[in-house]
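Trainee: Hi! Could you walk me through this one before I set anything up?
Mentor: Sure, let's bring it up and start with a contact list.

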Amino acid sequence: RFANACLNVFKITVKDLEIELGPGTGDLKLRSGLHSGPVTAGVLRGERGRFQLFGDTVNTAARMESTGVPNRVHMSQELVTLLLD
């Protein structure tokens with residue numbers, strides 16, 4: 001259900017962008033990777049400070065996203081187990 005909700009919100013956002021930015025922007029594709037586990041968080045300073053997450057959990061989700069099929073939400077087995085409990 002969570003993955004379908006994410007895709008539905010994305011589809012609505014793409015339609016809104018296409019209305020605002022014009023035709024040709026409607027062919028945007030979503031690739032998402034979700035994983036659960038420990039992370040380290042911190043604020044990176046620079047011109048604009050920003051909150052950042054680090055760790056194997058983030059790397060796993062990023063790999064799932066980068067190799068994922070467009071318009072699909074990819075979840076690790078660890079996350080699926082947590083969502084089903």
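Trainee: Which residues does Leu7 touch, not counting those up to four places away in sequence?
Mentor: Leu7 touches Leu30, Asn71, Arg72 and Val73 on that count. Keep in mind that this is a predicted model.

Trainee: Noted. Which residues make up the largest nonpolar core?
Mentor: Six residues form the largest nonpolar core, and Leu7 is one of them. The others are Ala3, Phe10, Val14, Leu30 and Val73. Two of the contacts of Leu7, Leu30 and Val73, are thus core members as well.

Trainee: And which element gives the largest share of this core?
Mentor: That is helix α1, residues 2–21, with four residues. As a general point, nonpolar side chains in soluble globular proteins tend to be buried together.

Trainee: Let me step back. How many helices and strands does the protein chain have?
Mentor: There are three helices and four strands in the protein chain. Read from the N terminus, the order is α-β-β-β-α-β-α.

Trainee: Back to the contacts of Leu7, then. Where does Asn71 lie?
Mentor: You'll find Asn71 in the loop between α2 and β4, with β4 covering 72–75. Asn71 is not a glycine, yet its phi is positive, at about 65 degrees.

Trainee: Why does Asn71 count as partly exposed?
Mentor: Because its relative accessibility is 30%, and the partly exposed class runs between 20% and 50%.

Trainee: What else is in contact with Asn71? I'm curious about Leu28.
Mentor: Leu28 is in contact with Asn71, and also with Phe10, Val14 and Leu17, leaving aside neighbours within four places in sequence. Leu28 sits in the loop between α1 and β1, where β1 is 31–34.

Trainee: Phe10 and Val14 are core residues, so why isn't Leu28 in the core list?
Mentor: Leu28 is partly exposed, with a relative accessible area of 40%, and a nonpolar core takes in buried residues, which means under 20%.

Trainee: Fair enough. How far is Leu28 from Glu18 in space, C-alpha to C-alpha?
Mentor: They are 9.5 Å apart in space, and 10 residues apart in sequence.

Trainee: New topic: Ser32. Is it buried or exposed?
Mentor: Ser32 is buried, at a relative accessible area of 17%. This residue is found in strand β1.

Trainee: Which residues is Ser32 in contact with, leaving aside neighbours within four places in sequence?
Mentor: Glu65, Arg72, Val73 and His74. Arg72 and Val73 also appear among the contacts of Leu7.

Trainee: And Thr57, where is its place?
Mentor: Thr57 belongs to helix α2, residues 56–66. With a relative accessible area of 9%, Thr57 is buried. Beyond residues up to four places away in sequence, Thr57 touches His35, Ser36, Gly37, Pro38 and Val39.

Trainee: Now the whole chain. What radius of gyration does the protein chain have?
Mentor: The protein chain has 16 Å, while a compact globule of 85 residues would have one near 12 Å. Its C-alpha trace spans about 40 × 40 × 20 Å along the principal axes.

Trainee: What share of the residues count as buried?
Mentor: Of the 85 residues, 19% count as buried. The accessible surface is about 6700 Å², and 55% of that belongs to carbon and sulfur atoms.

Trainee: Last one, on electrostatics: how far apart are the mean positions of the positive and negative charges?
Mentor: They are 1 Å apart, for 10 positive and 9 negative charges.

Key
Residues numbered from 1 in each chain as written. Predicted model: local features only at pLDDT ≥ 70, side-chain atom pairs only at ≥ 80, totals over all residues. Heavy atoms only, no water. Helix = DSSP H or I, 4+ residues; strand = E, 2+ residues; numbered from the N terminus. Rg over C-alpha atoms; globule rule 2.2 N^0.38 Å. Buried < 20%, exposed > 50% of the residue type's maximum accessible area, 1.4 Å probe, protein only. Areas by Shrake-Rupley, 256 points an atom, 1.4 Å probe, with all protein chains shown as cover. Lys, Arg positive; Asp, Glu negative; His and termini not counted. Charge placed at Lys NZ, Arg CZ, Asp CG, Glu CD. Contact = heavy atoms within 4.5 Å. Core = buried A, V, L, I, M, F, W, Y, C linked by side-chain atoms within 4.5 Å.
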